[in-house]
Amino acid sequence: MMTLFAICFFVGLALTLLNTFFGGDFFEFHADHGSAQGHGGPSFFNLSSILASLTVFGGIGFILNKVGMTSSLLILLIAIGAGIFMGWLFFLLFAKVIYKHDDSMKESDFNLSGQLGKLSVPIHGTGTGEMMFVMQGTTRTISARSEQGESIPKGAKVLILQMNKGVATVTRFTE
């Protein structure tokens with residue numbers, strides 16, 4: 001039993017140090033539910049939480065063995081409980097402090113269908129123009145092509161129907 005605890009502690013500690021110095025969470029063990037908001041939030045099963053659990057499980061088990069506790073079952077239960085508790089604390093840190101300030105782009109940031117804007121460069125027939133639109137408080141521009149191949153003058157309100165290779169297919173918007 002001592003060997004198991006020692007291996008868990010040292011492997012957990014070594015991997016935690018590697019994770020800290022060479023990069024964040026390589027493995028996120030959660031499914032993307034495909035929600036409109038992107039990810040539903042951080043998973044309890046992230047690498048930091050798992051490594052914290054493993055390290056504390058090994059360390060507590062090893063210490064309890066060394067101080068003379070004789071019941072292997074009790075040592076195992078206390079070590080498992082301490083490991084789960086520490087993993088939960090790491091998850092709370094990750095979810096409430098780190099993930100809260102994560103402004104990574106979501107899939108919905110790239111879906112421009114239904115976006116309303118106006119042309120800053122006119123569309124001549126089957127050619128391309130440029131449209132301006134506001135997204136998340138920022139004015140953006142994108143190349144635009146008419147859906148039916150008709151000309152649309154500068155300043156006309158247009159609606160994005162779809163995106164194809166970075167060019168928006170638009171139609172004139174009428175109120």
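Two strands count as paired if DSSP finds at least two bridges between them. The exercises below apply this to a predicted model.

**Exercise 1. Outline of the chain**

Task: State how many helices and strands the chain has and in which order they occur.

Solution.
1. The secondary structure comes to three helices and five strands.
2. Along the sequence, these elements follow the pattern α-α-α-β-β-β-β-β.
3. Of the 175 residues, 29% count as buried.
4. The exposed surface of the chain is about 11200 Å², and carbon and sulfur atoms supply 64% of it.
5. Among contacts with a separation of 6 or more, 50% come from residues 24 or more positions apart.

**Exercise 2. Pairing of strand 4**

Task: Determine in which sense strand 4 pairs with strand 5, and which residue stands opposite leucine 159.

Solution.
1. Strand 4 and strand 5 are joined by six bridges; the criterion asks for at least two, so the two strands pair.
2. The sense of this pairing is antiparallel.
3. Opposite leucine 159 stands threonine 171, in strand 5.
4. The connection between strand 4 and strand 5 is a hairpin with two residues between the strands. Lysine 165, in the turn, has a positive phi of about 55 degrees.

**Exercise 3. Closing the barrel**

Task: Give the order in which the five strands close into a barrel, then describe the pairing of strand 1 with strand 4.

Solution.
1. The barrel order is 1-2-3-5-4, with mixed pairing.
2. From one strand to the next, the twist averages 55 degrees.
3. Strand 1 covers residues 116–121 and strand 4 covers residues 157–164. These two strands pair in the antiparallel sense over three bridges.
4. Two residue pairs can be located here: glycine 117 has valine 158 of strand 4 as its bridge partner, and lysine 118 stands opposite lysine 157 of strand 4.
5. As background, strands of a sheet pair through backbone hydrogen bonds, either parallel or antiparallel.

**Exercise 4. The setting of valine 167**

Task: Decide whether valine 167 is buried or exposed, and list what it touches.

Solution.
1. Valine 167 lies in strand 5, which spans residues 167–172.
2. Its relative accessibility is 16%. Buried means under 20%, so valine 167 counts as buried.
3. Leaving aside residues up to four places away in sequence, valine 167 touches Thr128, Ser143, Ala144, Arg145 and Gln162.
4. For the spacing to isoleucine 142, the sequence gives 25 residues, while the C-alpha to C-alpha distance from valine 167 is 6.8 Å.

Methods. Residues numbered from 1 in each chain as written. Predicted model: local features only at pLDDT ≥ 70, side-chain atom pairs only at ≥ 80, totals over all residues. Heavy atoms only, no water. Helix = DSSP H or I, 4+ residues; strand = E, 2+ residues; numbered from the N terminus. Axes fitted to C-alpha atoms, helices over the stretch in contact; angles between N-to-C directions. Buried < 20%, exposed > 50% of the residue type's maximum accessible area, 1.4 Å probe, protein only. Contact = heavy atoms within 4.5 Å. Areas by Shrake-Rupley, 256 points an atom, 1.4 Å probe, with all protein chains shown as cover.
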